[in-house]
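Q: Please take a close look at a single part of this protein. Start from one residue, follow its contacts outward, then set that part against the rest of the chain.

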Amino acid sequence: MFEYDTLRLIWWVLIGVLLIGFMITDGFDMGVGALLPFIGKTNAERRVMINSIAPHWDGNQVWLITAGGALFAAWPLVYATSFSSLYVAMYLALISLWLRPLALEYRAKIDSDQWRRVCDLAISFSGFFPPILFGVAFGNLMQGLPFTLNSLLMVEYHGSFIDLINPFALLCGLVGLLMALLQGSAWLMMKTTDAVYKKARMVTQASAVLIPFLMVIGCMAINHIDGYVIVSAMDHSSASNPLNKEVVTQAGAWLTNFDTYPWMWFAPIGSVTMPLLALIGARLKWDAIAFISSSLTNACIIFTAGFSMFPFIIPSSVNPSNSLTLWDSTSSELTLNIMTGVAFVMVPIILCYTAFSYRTMFGRLDSEYVERNGHSLY
């Protein structure tokens, strides 16, 4: 169907699209959950917030599951290395994500204020913790993970969970949290009224101001972080073997791609300007503009990270030449061709179904509606 090098590039793009889809859709689920104790001051307000995401949260989480499955099938070495190196962090993220369905489904099963508070805290934790961990993970990827590969391409990790907690990674974690808060509050602006709407509008404006500020700090920090550069020739169509190249580290190398491909600048520029457009939308009560701008903010931030690291996926800080790139860590050409054919058929179907479900559930919620339909809603 396609040449091997083209297939590799296609799946680099598709994995990025899946991550963007997850951060846009499940991002507002996490954002709403994180804001639950702070915006929802009464049980009615919290039920309004919960039911604004109730029809969508389980479908939205599938983006992450699909990304994990695609990573396993298309980039098995990347899957093995990331889960070996970031196992504890990923397990903690999964535990926090498990809390959300449990708390949502059982919150209304017991008529107790104390029980509802426990469930609300669980929902809030499942909104706060994952985006921070995802941000910390990306921050560590940009600094390189301490792993090596032996002659059989088996991964040996030389670090610990504590090593992942460093200033740049924490900065990226804070950016991840603000991405979710901006997305969640912008979603609430479209879905709610009255007091919840007013408080969500304030959070949208605050998040939209902080994200550009932190992105500028992050870009300045990246300029002083050692990036990775391939200094040997690579055959983009050869069989995957990450041991067949030579890589060196250079300060500021993560900015090289933006000089080589100037069109990539749309991503970092958009990650600064789109939040400001969301800020304007929130101030003028242009709810749809605020949400679209928030979604574009998330996309631009993920694009910025991907463009900076291209073609690296997981750099090795112990032995840079063991780093994994999109050219030498994929599955076979046959596997990628089969996956591409399936993706070209199924992805449009999934997008159409998703659009239909959002269109069907379109509209605002208020406390009166939740009270009238108390037995059929969360």
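A: Start with Glu105. Beyond its neighbours within four places in sequence, Glu105 is in contact with Trp57 and Tyr378. This is a predicted model, and every value here is computed from it. Glu105 sits in helix 5, which covers residues 87-106. How exposed is Glu105? Glu105 has a relative accessible area of 36%. Buried means under 20% and exposed over 50%, so Glu105 counts as partly exposed. Cys119 is 14 residues away in sequence. In space, the C-alpha atoms of Glu105 and Cys119 are 9.5 Å apart.

Now cross to Trp57. This residue belongs to helix 3, residues 57-74. Is Trp57 buried or exposed? Its relative accessibility is 8%. The cut-off for buried is under 20%, so Trp57 counts as buried. Its contacts, again leaving aside neighbours within four places in sequence, are Asp26, Asp29, Arg100, Pro101, Leu104, Glu105 and Tyr378. Tyr378 therefore appears in both contact lists, that of Glu105 and that of Trp57. Trp57 and Glu105 also touch each other. For a longer reach, take Arg201. Trp57 and Arg201 are 144 residues apart along the chain, and 21 Å separates their C-alpha atoms.

Stay on helix 3 for a moment. Ile65 lies in helix 3 as well. Ile65 has a relative accessible area of 58%. The cut-off for exposed is over 50%, so Ile65 counts as exposed. Trp57, in the same helix, is buried. Phe22 is 43 residues from Ile65 along the chain, with 9.3 Å between the two C-alpha atoms.

Go back to helix 5. Ser96 lies there too. Its relative accessible area is 0%, so Ser96 is buried. Which residues does Ser96 touch, leaving aside neighbours within four places in sequence? They are Phe125, Ser126, Phe129 and Pro130. Helix 5 thus holds a buried residue, Ser96, and a partly exposed one, Glu105.

Next, the aromatic residues elsewhere. The whole structure has 24 aromatic pairs. One of them joins Trp12 and Phe310. Their ring centres are 5.0 Å apart and the planes make an angle of 70 degrees, so the pair is edge-to-face, the class for planes over 60 degrees apart. Trp12 lies in helix 1, residues 4-39. Phe310 lies in the loop between helix 11 (287-309) and strand 5 (312-314). The two residues are 298 residues apart in sequence, so the pair ties together distant parts of the chain. Both Trp12 and Phe310 are buried. They also belong to one aromatic cluster, together with Trp263, Phe266, Phe303, Phe307 and Trp327.

Phe310 has another feature. The peptide bond from Phe310 to Pro311 is cis, with omega near 5 degrees. Pro311 is in the loop between helix 11 and strand 5.

Two backbone angles also deserve a look. Asp194 is not a glycine, yet its phi is positive, near 55 degrees. Asp194 lies in helix 8, residues 194-222. Its relative accessible area is 56%, so Asp194 is exposed. Lys285 also has a positive phi without being a glycine, at about 60 degrees. Lys285 is in the loop between helix 10 (266-283) and helix 11.

Finally, set these parts against the whole. The protein has 13 helices and 6 strands. Its C-alpha trace spans about 65 × 40 × 40 Å along the principal axes. The radius of gyration is 21 Å, which agrees with the value near 21 Å for a compact globule of 378 residues. Buried residues make up 51% of the protein. Of the contacts with a separation of 6 or more, 80% join residues 24 or more positions apart. The protein exposes about 17,300 Å², and carbon and sulfur atoms supply 69% of that area. For charge, there are 19 positive and 23 negative side chains. The centres of these two sets lie 16 Å apart.

How values were computed: Residues are numbered from 1 along each chain as its sequence is written. Side-chain values use heavy atoms; hydrogens and water are left out. Helices (H or I, at least four residues) and strands (E, at least two) are DSSP runs, numbered from the N terminus. The radius of gyration is taken over C-alpha atoms; the globule rule is 2.2 Å times the number of residues to the power 0.38. Buried means under 20% relative accessible area, exposed over 50%, partly exposed in between (1.4 Å probe, protein chains only). Contact means heavy atoms within 4.5 Å. Accessible areas come from the Shrake-Rupley method with a 1.4 Å probe; for residues, only the protein chains shown count as cover. Lys and Arg count as positive and Asp and Glu as negative; His and the chain ends are not counted. The place of a charge is taken as NZ of Lys, CZ of Arg, CG of Asp or CD of Glu. Rings of Phe, Tyr and Trp (its six-membered ring) pair if their centres lie within 6.5 Å; planes under 30 degrees apart count as stacked, over 60 as edge-to-face and the rest as tilted.
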